[in-house]
Amino acid sequence: CMQMSFNFAWLYTWDTNSLQPRRQSARSQRIENRRNRLLVVTSKVKSDGQEEDPDLESSPLRDEFRSYLLTGSKRASWPEGPTVQTTKARSTGRLSGRSQKPRPGLSGAKQAEGRRMLGVAVTSGLLGLTIGMQPQDDSDEKYDSSQVIDMLQGQWEDEIRITIRISGRTALFSDDPSREYTIEESSSEGLILREARLMDVIGSDDNGVFAAVWRFPWGQEHQWERLTRDNVGDQEWDAAFHEYKSGRLDVWRELSMAAEDGCGRGTPFQKLWHDGGPFPSGLAAFIFRSRLLAGTKLVPGICFLHKTFGYRGVILGHDSKCIARTSWKEAMGVDEIPGGENQPYYHCIVDERDRPGGEITYVAEVNMIPDTSRAFPIQADLVQAFFIMCEEARGYIPRKRLAQLLDEQSEQGGRFMI
């Protein structure tokens, strides 16, 4: 836009004196007007052979001039002089189509020069505008290794739904949660993680970059996408949520074991379970009390029915809000669900009688109905891998490995990784 403005300003100031119309005397203006009227007569004579201009009816040269226009032969009575010579030349040119109607003011050369300069200005201005609208390439911006590692902190997910948690230079992957990987630094290749090289970081926000591209030595690439962006109060809510769920899970475990043993020590836990306790202490828990009590009976091992799709399932893990990639949220229509993404979400194993294939879903709290009578027992191979069935309690309690993952989530926060 600046280029276009400069070009037009330069054109406006370029040789303005030469572009100004010439001033004509009264006599010259009368001669010019008379010549233009003669040209009109010429056009009419050429078109129909008749001339009807009333201004020329009284001219003594009318008949001779008309004969001259039609035949091209000059009569003896035709007066010599510069005026007649000019009129003849202009009229002949008009009949042959070799010239245009004369225009007072700028000369033809100046008009052509002005049009040429205007075309140059517009063309260069549009070219400058097009170049200015091209996206800027930020690839030249360099970061050192420590800055890039700071950008990578937090939780990510790739296109095959593997969750990655970066803490310092340590990375934990959901496909191999028993092992911690270290981000290594190479002088020639940059950052290396699980044999993959960091190729690019895309975008940036207050929490770091939006996406990161990694390439393996055999050419395969994986793109990480940051799972979520923290809003004001999210950290306090996340801490209160996990503390409350951890306490509720302990009550559910004790209640289930007491029911299996058939002893009376389950009575106090039954009252605590139905009352929604234990409730965490602190100001944050008091502020979020109503939100916590909304999912008081939704803990790992509880069976449920999906409110919309009706399938049966059991809760495997929980998150304080929808922690997922933006592309997944848009595809699933999370914003259209009552409560949207700012409500607890649960990782659930689906009964294979309803959905074969060992499916794990990510369900909003508003769509879950705890139901131990109709949903229990769940028929799925994954249930046997992560839970111990309690028939008397009509539910499940987590096995050792699942309990460890839930404890790690309570300590570190963020998304449940399985």
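This is a short tour of a predicted model, with a selection to make at each stop.

**Whole chain**

Start with everything displayed. The protein has 418 residues, and 39% of them count as buried. Its secondary structure amounts to 14 helices and 16 strands. Take the contacts between residues at least 6 apart in sequence: 55% of these join residues at least 24 apart. The exposed surface comes to about 24300 Å², with carbon and sulfur atoms supplying 51% of that area.

**Helix α6 and a surface patch**

Select residues 108-133, which make up helix α6, and find Val122 within it. Then add Leu118 and Leu126 to the selection: together with Val122 they form a nonpolar patch on the surface. The accessible area of the three residues together is about 220 Å². Val122 has a relative accessibility of 30%, so Val122 counts as partly exposed.

**Strands β2, β3 and β4**

Next, select residues 163-167 and 170-173, strands β2 and β3, which pair in the antiparallel sense over four bridges. Ser167 has Thr170 of β3 as its bridge partner. Two residues lie between the strands of this hairpin, and Gly168 takes a positive phi there, near 70 degrees.

Extend the selection to residues 176-182, strand β4. β3 and β4 run antiparallel and are joined by four bridges. Look for Leu172, which stands opposite Glu180 in β4. β3 and β4 also form a hairpin, with two residues between them.

**Helix α8**

Select residues 234-261 for helix α8, which has 28 residues. From its first C-alpha to its last, α8 reaches 40 Å, close to the 40 Å expected at 1.5 Å a residue. Include the residue that follows α8, Gly262, to see a positive phi near 70 degrees.

**Salt bridges**

The structure holds 13 salt bridges. Three pairs are worth displaying as sticks.

- Glu157 and Arg325: their side chains meet in a salt bridge, 3.1 Å from N to O. Glu157 belongs to strand β1 (residues 154-157), while Arg325 sits in the loop between β11 (312-319) and α12 (326-332), so that the pair links distant parts of the chain, 168 residues apart. Both Glu157 and Arg325 are buried. Add Arg415 to the view, as Glu157, Arg325 and Arg415 are linked in a network of salt bridges.
- Asp354 and Arg312: the side chains form a salt bridge, again listed as 3.1 Å, N to O. Asp354 lies in the loop between β12 (345-350) and β13 (360-364) and Arg312 in strand β11, so the pair ties together parts that are 42 residues apart in sequence. Asp354 counts as partly exposed, at 31% relative accessibility.
- Arg215 and Glu221: in this salt bridge the closest N and O atoms are 2.4 Å apart. Arg215 is partly exposed at 36% relative accessibility. Glu221 is partly exposed as well, with a relative accessible area of 37%.

To finish, colour the residues of these pairs by accessibility. Glu157 and Arg325 will appear as buried, whereas Arg215, Glu221 and Asp354 will appear as partly exposed.

Methods. Residues are numbered from 1 along each chain as its sequence is written. This is a predicted model: local features need pLDDT of at least 70, side-chain atom pairs count only at pLDDT 80 or more; totals for chains, interfaces and linings use all residues. Side-chain values use heavy atoms; hydrogens and water are left out. The expected span of a helix is 1.5 Å times one less than its number of residues. Buried means under 20% relative accessible area, exposed over 50%, partly exposed in between (1.4 Å probe, protein chains only). Contact means heavy atoms within 4.5 Å. Accessible areas come from the Shrake-Rupley method with a 1.4 Å probe; for residues, only the protein chains shown count as cover. A salt bridge is a side-chain nitrogen of Lys or Arg within 4 Å of a carboxyl oxygen of Asp or Glu. Patches are made of residues with over 30% relative accessible area and no salt bridge: like charges are joined within 9 Å, nonpolar side chains (Val, Leu, Ile, Met, Phe, Trp, Tyr) within 5 Å. Two strands pair if DSSP finds at least two bridges between them.
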